[in-house]
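User: I'd like to practise reading strands, loops and buried side chains in a model. Can you walk me through one?

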Amino acid sequence: MFGRKKKSTASSAETAVSGKSIGRRIKDLFSRSDGADDFYDDLEDLLVEADFGAAAAVALVDQLRTINNGGTDRETLVENLKDIIRPALTVADLNPSPDVLSLYLILGVNGVGKTTTIAKMAHRFINSGSGNVVLAAGDTFRAAAVDQLEIHGERVGARVVKQDHGSDPGAVIYDAVSSAESRGERIIIADTAGRMHNRANLIKELAKIDRIASERLGENGIFKKILVIDATTGQNGMRQAETFHEAVGVDAVVLTKYDSSAKGGLVAAIGMKMGLPFAYLGRGEGMDDLVPFDPDSYLDELLAGE
Ligand SMILES: Nc1nc2c(ncn2[C@@H]2O[C@H](COP(=O)(O)OP(=O)(O)OP(=O)(O)O)[C@@H](O)[C@H]2O)c(=O)[nH]1
Ligand SMILES: [Mg+2]
């Protein structure tokens with residue numbers, strides 16, 4: 001088996017659907033190559049397939065090649081690659097403040113898992129003894145959205161503040177803050193309607209909600225804007241991050257559906273390009289399936305299928 005064959009990693013039986021299979025394939029690649037030229041080409045292909053995006057994949061492989069400089073064993077190569085990616089991975093601390101009101105505004109395009117993530121976060125905060133949680137039904141656009149939030153609220157034991165379908169989402173959040181203040185509740189998680197990142201008017205409307213919420217909260221609270229991205233959307237997730245961040249300034253990202261088809265590289269790509277911190281990975285539909293983001297286990301899973 002001497003001839004140099006190209007693209008040897010992409011066997012058709014392994015059309016990379018899950019993070020695991022990409023991780024395993026990267027591990028395979030590391031375990032049978034010590035840094036020959038085609039190793040770097042294959043690694044670059046795999047990173048692109050894992051949703052790193054072409055620019056990040058090329059940059060990472062170039063750095064690895066420079067560090068390696070022709071002669072490093074494979075364990076060191078994997079560790080080097082982790083070391084190159086790790087600085088781009090930051091963790092967002094979303095723990096509620098014990099002293100002042102914490103308002104979390106949940107953003108994202110349609111169907112990514114915003115409302116489910118709200119329920120999971122509420123469940124988490126309640127279970128960890130952080131106090132009562134109020135859910136603000138800021139998706140006033142879809143008739144069924146309020147009902148869906150109420151069902152979740154009942155399930156996790158959180159009060160829901162709502163207004164009529166079609167009302168101003170900023171007003172719902174304003175009310176939620178006022179009623180929480182008067183009842184001594186300190187955690188509010190606000191839903192918003194899914195809005196496509198390429199619809200300028202919807203994104204503008206979000207900036208208005210942001211303004212109302214931050215003015216109402218003023219200096220007396222902590223305001224976090226959390227972008228939810230569906231791991232199955234691939235590089236489109238990068239564009240979503242850029243648009244939402246430009247519109248309102250994103251404080252933390254949650255990557256959902258990591259269980260279904262996570263290739264995972266999107267986390268590193270967003271970290272490398274934008275420096276946004278990650279808070280949680282959604283790993284299923286259950287209330288306990290929201291896992292705090294941990295850079296080391298993320299890298300182990302991504303690059304070694306562990
Ligand atoms: N497998 C899996 N499914 C998820 C996860 N998070 C959410 N979902 C599912 O994704 C679907 C959409 O979730 P929603 O929470 O309604 O999404 P949304 O962003 O609020 O949707 P819109 O309000 O319509 O924009 C539901 O079927 C959820 O159960 C996850 O981490 N893993
Ligand atoms: Mg929703």
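Analyst: Sure. Let's begin with a strand pairing: Leu103 has Phe223 in E5 as its bridge partner. Keep in mind that this is a predicted model.

User: Which strand is joined to E5 by seven bridges, and in which sense do the two run?

Analyst: That's strand E1, residues 101-107, and E1 and E5 run parallel. E5 also pairs with strand E6 (residues 252-256), in the parallel sense, over five bridges. One pair to look at there is Leu227, which stands opposite Val253 in E6.

User: How does the chain cross from E5 to E6, and what is the handedness of the crossover?

Analyst: The path goes through helix H9, residues 236-248, and this β-α-β crossover is right-handed.

User: What does burial say about E5?

Analyst: Count the residues under 20% relative accessible area. For E5 (residues 221-230), seven of the ten are buried, so the strand is largely enclosed by the rest of the structure.

User: And how many residues of E6 are buried?

Analyst: Five of the five, so E6 too is largely enclosed by the rest of the structure.

User: How should I read the two faces of a strand like that?

Analyst: The general idea is that side chains in a regular strand alternate between the two faces of the sheet. In E6, one side has Ala252, Val254 and Thr256, and the other has Val253 and Leu255. Every one of these is buried, which leaves both faces of E6 covered.

User: Which strand do three bridges join to E6?

Analyst: Strand E7, residues 278-282, and the two run parallel. Within that pairing, Val254 stands opposite Tyr280 in E7.

User: Let's go on to the loops. Which residue between E6 and helix H10 should I look at?

Analyst: Try Lys257, in the loop between E6 and helix H10 (258-261). When reading backbone angles, look for a positive phi in a residue that isn't glycine. Lys257 is such a case, with phi of about 60°. Its relative accessibility is 28%, so Lys257 counts as partly exposed.

User: What is the phi of Asp51, and where does this residue sit?

Analyst: Asp51 has phi near 75°, again a positive value in a residue other than glycine. You'll find Asp51 in the loop between helix H2 (37-49) and helix H3 (54-68).

User: Is Asp51 buried or exposed?

Analyst: Buried: the relative accessibility of Asp51 is 9%, so it falls under the 20% cut-off.

User: Now a charged residue in a helix. What does the side chain of Lys82 contact?

Analyst: First place the residue: Lys82 is in helix H4, residues 74-85. With 7% relative accessibility, Lys82 counts as buried. Then look for a polar partner: the side chain of Lys82 makes a polar contact with the side chain of Asp300, at 2.6 Å. Leaving out residues up to four places away in sequence, Lys82 touches Leu299, Asp300 and Leu303.

User: One last residue: how far apart are Asp62 and Glu44?

Analyst: Here you read sequence and space side by side. Asp62 and Glu44 are 18 residues apart in sequence, and C-alpha to C-alpha they are 9.3 Å apart. Asp62 lies in helix H3, and at 41% relative accessibility Asp62 counts as partly exposed.

Definitions and conventions
Residues are numbered from 1 along each chain as its sequence is written. Chains are lettered from A and ligands numbered from 1 in the order in which they are written. This is a predicted model: local features need pLDDT of at least 70, side-chain atom pairs count only at pLDDT 80 or more; totals for chains, interfaces and linings use all residues. Side-chain values use heavy atoms; hydrogens and water are left out. Helices (H or I, at least four residues) and strands (E, at least two) are DSSP runs, numbered from the N terminus. Buried means under 20% relative accessible area, exposed over 50%, partly exposed in between (1.4 Å probe, protein chains only). A polar contact is a pair of N or O atoms within 3.5 Å; within protein, one must be able to donate a hydrogen and the other to accept it, and residues adjacent in sequence count only if both atoms are side-chain atoms. Contact means heavy atoms within 4.5 Å. Two strands pair if DSSP finds at least two bridges between them. A crossover is right-handed if, with the strands pointing away from the viewer, the path from the first strand over the helix to the second runs clockwise.
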